[in-house]
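Please follow the chain with the sequence and the coordinates side by side, beginning with a helix and its surroundings and moving on from there.

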Amino acid sequence: MNKIRTNISSARVYFKDVFYFTVISVLLISLAFQFSFQELVIFTLLFVLLDLYLLYRLGFSKHNEMEQIKTIINSIRKNEFSSPDEIKLGKKLVEIEGDIKAMFLRTHNDIINLKKLEQVRTEFLGNVSHELRTPIFAIQGYLETLLNGAIDDDRVNRGFIEKAAHHTENLNNLLNDLIDISMIESGQMRMSFRYFNIREYLEILVQEFRPFAEEKGLELKFGAIKANLQVFGDKKKLRQVMVNLLSNAIKYTEKGYVEVKVEEEGKSAKIIVKDTGFGISEEDQLRIFERFYRVDKDRSRAVGGTGLGLAIVKHIIDAHESKIMVKSKPGEGSEFSFSLKK
Ligand code: ADP
């Protein structure tokens, strides 16, 4: 009895339609067949019984469908599905099944992305703490040794102070790069694109870097560039790219040269920074644009590297809708390049 009541009440949305249908049908049929009062009562009763059965069947199927949907929603809530294919509803609910699957997939992907983001964030924080700890421990060590007496030992005091100063510089580089990367990755990098003369622009940069190259006995070549070549980009951000690429080229080259040149390719101009340095293996080339990835940690730290330079370069070049490319062979040198619209 309870089941019948539940099923009929599940069909309550149809009550009004069934009522009107019954009244109109009974009236029309009784008029057509000229029913007596008695016949009318019996016929109406039969019709009502038929209606009740109809409502029961409708309610039964609706109740079943609702139960199926509820079960699926509960299972989604309890995280019991790992793929949308596991979601199955009856034949009559194919359309809703599709909608639920799409909804599940979207939420599922959002959750996976959030988890990944959380993992990246945790890894990033771990890396930052580790990178900060290295120079801070070194500075602390030198200062303590000096305070414990080395300050009066003329053979070591100056050397220790210089080493502490070198680590302070590393710390400063790291903090600057961290500020840049967090600004970029939190979407706060405001780009300001316009056309500018690439030759004049690169010439100034090359002049700035010449003393550093000469200090290491490296030749800093500047390839011939058309005097009026204009390219489209954000000058300030591209300066950061060029500073990182040029300082890497000088940092990781012991002999030979570093060259800056531009090659025109159709509607774009390719800016190239080439060196005859250590080079990078194919395996490492796939990872050098990751944050904190260094081929040789000690070598990078010794030359003031933070492991963030190329990650920043990649972000800025991506924001120019271009791609940073690398060609390199260990022992022969490297070539970093990217294209800008002419
Ligand atoms: P870093 O601050 O350590 O230089 P980058 O992100 O700029 O960090 O570069 C990542 C790594 O890629 C460096 O540690 C270095 O091993 C390698 N690398 C980058 N540029 C060059 C280059 N021109 N020649 C050889 N190795 C390079």
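Helix α3 has three buried residues, Leu55, Gly59 and Ile72, and the elements that cover the buried residues of α3 include α1, α2 and α4. The model is a predicted one, and in it α3 runs over residues 37-77, where its 41 residues should span 60 Å at 1.5 Å a residue; because its end C-alpha atoms are 58 Å apart, the expected and the computed span agree. Just after α3, Asn79 takes a positive phi of about 65 degrees.

Two of the helices that cover α3 can be taken in turn. Helix α1, residues 2-10, holds Thr6, which counts as exposed because it has 12 C-beta neighbours inside 10 Å and a residue with 12 or fewer falls in that class. Although Thr6 and Phe60 are 54 residues apart along the chain, their C-alpha atoms are separated by 8.3 Å. Helix α2, residues 15-33, has 19 residues that should span 27 Å at 1.5 Å a residue, and its end C-alpha atoms are 26 Å apart, so the two values agree. Helix α2 is hardly covered, for the count of buried residues among its 19 residues is zero.

The link from α2 to α3 deserves a separate look. Gln34 follows α2 and has its place in the loop between α2 and α3. Its phi is near 50 degrees, a positive value in a residue other than glycine. Most residues other than glycine have a negative phi. Gln34 counts as exposed because it has 7 C-beta neighbours inside 10 Å.

Helix α4, residues 94-147, is another of the elements that cover the buried residues of α3. It has 54 residues and reaches 78 Å from its first C-alpha to its last, close to the 80 Å expected at 1.5 Å a residue. How many of the 54 residues of α4 are buried? The number is four, so α4 lies largely in the open. These buried residues are Lys101, Glu131, Pro135 and Tyr142, and what covers the buried residues of α4 includes α5, residues 157-185. After α4 comes Gly149, with a positive phi near 130 degrees.

The domain assignment of the protein sets these helices in a wider frame, giving domain 1 as residues 2-80, domain 2 as residues 126-185 and domain 3 as residues 194-341. Between the C-alpha centres of domain 1 and domain 3 the distance is 77 Å.

The next stop is the largest nonpolar core, which has 33 residues, and among these Leu245, Ala249 and Val313 touch the most other members. The elements that give two or more residues to this core are the helices α6 (198-215), α7 and α10 together with the strands β4 (257-265), β5 (268-275) and β7 (333-341). Leaving aside residues up to four places away in sequence, Leu245 touches Val273, Val313 and Phe336.

Strand β4, one of the elements that contribute to the core, also holds Glu259. Is Glu259 buried, exposed or partly exposed? It counts as partly exposed, because it has 19 C-beta neighbours inside 10 Å, whereas a residue is buried if 20 or more other C-beta atoms lie within that distance. Glu259 and Leu246 are 13 residues apart in sequence and 8.9 Å apart in space, C-alpha to C-alpha. When residues up to four places away in sequence are not counted, Glu259 touches Lys221, Gly223 and Lys274.

The surroundings of the ligand bring two of the core helices back into view. Which of the 22 residues around the ligand come nearest? They are Arg294, Val295, Ser300, Gly305 and Gly309. The elements that give two or more residues to the shell around the ligand are α7 (235-251) and α10 (309-319), and both of these helices also give two or more residues to the largest nonpolar core. By residue type, the shell around the ligand divides into ten nonpolar, nine polar and three charged residues.

Beyond α10, the loop between α10 and β6 (325-329) holds Glu321, which has a positive phi of about 55 degrees although it is not a glycine. Glu321 is exposed, because 9 other C-beta atoms lie within 10 Å of its own.

Methods. Residues are numbered from 1 along each chain as its sequence is written. This is a predicted model: local features need pLDDT of at least 70, side-chain atom pairs count only at pLDDT 80 or more; totals for chains, interfaces and linings use all residues. Domain bounds come from an automatic or database domain assignment. The expected span of a helix is 1.5 Å times one less than its number of residues. A residue is near a molecule or strand if its C-beta atom, placed from the backbone, lies within 6 Å of it. Ala, Val, Leu, Ile, Met, Phe, Trp, Tyr, Cys and Pro count as nonpolar, Asp, Glu, Lys and Arg as charged, and the others, Gly among them, as polar. A nonpolar core is a set of buried Ala, Val, Leu, Ile, Met, Phe, Trp, Tyr and Cys residues joined through C-beta atoms within 7 Å. Two residues are in contact if their C-beta atoms, placed from the backbone, lie within 7 Å.
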